[in-house]
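Subject: Structure for you to look at

Hi,

Here is the structure I said I would pass on. Have a look at it first, and then read on for what turned up.

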Amino acid sequence: MTLRRESPGGLVRLQLVVIGLAGALVLTGCSGDGKPSDDLQIVANPVAATAPVSPATAAKPAGRVLPATGVTATAMDASTRTLVVALAEPPSLRLVNLDTPDAAPRDVPLAGPAERLTITGGHALASIPSKSQLARVELPGGVLASVDVAGQPAAGREAGNQLLVAVRDRKALDVFDGGKLTKSISGKIYSADDVITTSANSTVVLDRLRTAVFAVDVAAGTVGEGLRAGDGATNATADGFGRVLVTDTRDSALIAFSTNPLLMRQRYPVPGGIYGITYDTKRNLAWVTLTERNEVVGFDVRGGEPTEKYRFATVRQPNSVTVDEQTGQVAVGSATGEGIQVIAP
């Protein structure tokens, strides 16, 4: 097998690139009988992967643990020194001052449980699929506004003056400009579960059902090539090199895709139920949670393959993770009510 290394984000194994190119071609290829083929769908009735169930904690969680019940998502806003935590019951966002974590937090009630959080320009976006809403919360004050979405918004992300919303049930990426829906982009996607924008000005949609990623041309309003992302892609984030990093939970791997063009560049084994992911641009660290082991691991991703730098014991069921790029602090949320863990590596 040929082995090549390029830094940053170069090829790990030449074979991986061949696989990626094949995955892109099957979307438009034909089978021998002249009928369209689709190798991205490997079973007749695909089911999205979920976080493996965690055992009881065997080690004391690192750092400190703040009280919270039923954390569904976490995010950090370094500019306002705010840790944002989505709670399932009652549905709300908890705003914690990172400089005074022992002070009473501010809770912002939501119409329903938030599934995913993103931070842009001093405010948090929280997707509420059960209520067909995307909540927008100013930080650190907590002023709440909402955007109505037709369907089930799985994630929202701002790109310049536009708001991009992945709508799961409609298999679409909705584009809002000035608060108004200007276009809805669909095609090839089975389930729009997340939207990621990269430093290379690329837009990618994560499809958990097809366990795939799709390039989207927002200006043209089209869905481009798609590539398989392992056997059970669950979460994704952008790194500092224009790539998209994806957790393959079923096959225990961290996968890196370049986005211009869309190609698989790395596939690194990470046993233990890899699930949540976040990225520290300042330190080039990808943090992932391992729910089967109640651990969080930090990988340096600057080289030809990820290099483990940190590994910490966590609270039980660490489904979500976020990082403060100013200080490097990592926050892990327990989905079973064991709190919010804050670690200073």
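Pro 261 sits in the loop between β20 and β21, and the peptide bond that joins it to Asn 260 is cis, with omega at about 10°. Bear in mind throughout that this is a predicted model. There is another cis peptide bond between Glu 89 and Pro 90, where omega is about -10°. Pro 90 belongs to the loop between β3 and β4 (92-97).

While you are in the loops, check the backbone of Ser 252 and Arg 81. Ser 252, in the loop between β19 and β20, has a phi near 55°, which is positive although the residue is not a glycine. Its relative accessible area is 22%, so Ser 252 counts as partly exposed. Arg 81 has a positive phi near 55° and is found in the loop between β2 and β3. Is Arg 81 buried or exposed? Buried, with a relative accessible area of 11%.

That loop takes you straight to a hairpin: β2 and β3 are its two arms, with 4 residues between them, and Arg 81 is in the turn. The strands β2 and β3 (residues 82-87) run antiparallel and are joined by 6 bridges. Two of the pairs to click on are Asp 77 with its bridge partner Thr 82, and Ala 75 opposite Val 84.

The hairpin is part of an open sheet of 4 strands, in the order β2-β3-β4-β5 with antiparallel pairing. At its edges are β2 (71-77) and β5 (106-109); each has a single partner strand, so one side of each has no neighbour in the sheet. Neighbouring strands here are turned by 20° against each other on average, ignoring direction. Being at an edge does not leave β2 out in the open, though: 6 of its 7 residues are buried, so the rest of the structure largely encloses this strand.

Further along there is an open sheet of 4 strands with the order β10-β11-β12-β13, also paired antiparallel. Which strands are at its edges? They are β10 (153-159) and β13 (180-186), each with a single partner strand, so each has one side without a neighbour in the sheet. The average turn between neighbouring strands of this sheet is 20°, direction ignored. Inside it, β11 (residues 162-167) and β12 (residues 172-177) run antiparallel and are joined by 6 bridges. Ala 166 is opposite Leu 173 of β12.

Now for the packing. The largest nonpolar core has 17 residues, and Leu 206, Val 213, Val 246 and Phe 257 are the ones that touch the most other members. At least two residues of this core come from each of β15 (203-207), β16 (212-217), β18 (233-238), β19 (243-248), β20 (253-259) and β21 (262-269). Apart from this core lies another of 16 residues, including Ala 73, Ala 75, Leu 110 and Leu 139. For a closer look at one member of the largest core, take Leu 206: its contacts beyond four places in sequence include Ile 196, Val 213, Ala 236 and Val 246.

How many cavities of 30 Å³ or more are there? The count is 1, and the volume of the largest cavity is about 30 Å³. Its lining is made up of Leu 245, Leu 254, Ile 255, Ala 256, Gln 266, Tyr 268, Val 301 and Pro 306. Both β20 and β21 give two or more residues to that lining, and β20 gives the most, with 3.

Two more loop residues before I stop. Thr 291, between β23 (285-290) and β24 (295-300), has 0% relative accessibility and so counts as buried. Among the residues it touches, leaving out those up to four places away in sequence, are Ala 51, Pro 52, Gly 272, Tyr 275 and Pro 318.

Val 315 is in the loop between β25 (307-313) and β26 (318-323). Val 315 is buried too, at 2% relative accessible area. Val 65 is 250 residues away from it in sequence, yet their C-alpha atoms are 8.2 Å apart. Val 65 is also among the residues that Val 315 touches, as are Thr 57, Asn 294, Val 332 and Gln 341.

Cheers

Note on methods: Residues are numbered from 1 along each chain as its sequence is written. This is a predicted model: local features need pLDDT of at least 70, side-chain atom pairs count only at pLDDT 80 or more; totals for chains, interfaces and linings use all residues. Side-chain values use heavy atoms; hydrogens and water are left out. Two strands pair if DSSP finds at least two bridges between them. Axes are lines fitted to C-alpha atoms, for helices over the stretch in contact, and angles run from 0 to 180 degrees between N-to-C directions. Buried means under 20% relative accessible area, exposed over 50%, partly exposed in between (1.4 Å probe, protein chains only). Contact means heavy atoms within 4.5 Å. A nonpolar core is a set of buried Ala, Val, Leu, Ile, Met, Phe, Trp, Tyr and Cys residues joined through side-chain atoms within 4.5 Å. On a 1 Å grid over the protein atoms alone, a cavity is a set of points where a 1.4 Å probe fits but cannot get out, and a pocket is an open set with protein on both sides within 12 Å along at least five of seven lines; lining residues have an atom within 4 Å of a point. Grid points are joined across faces, edges and corners, and a volume is the space filled by probe spheres set on the points.
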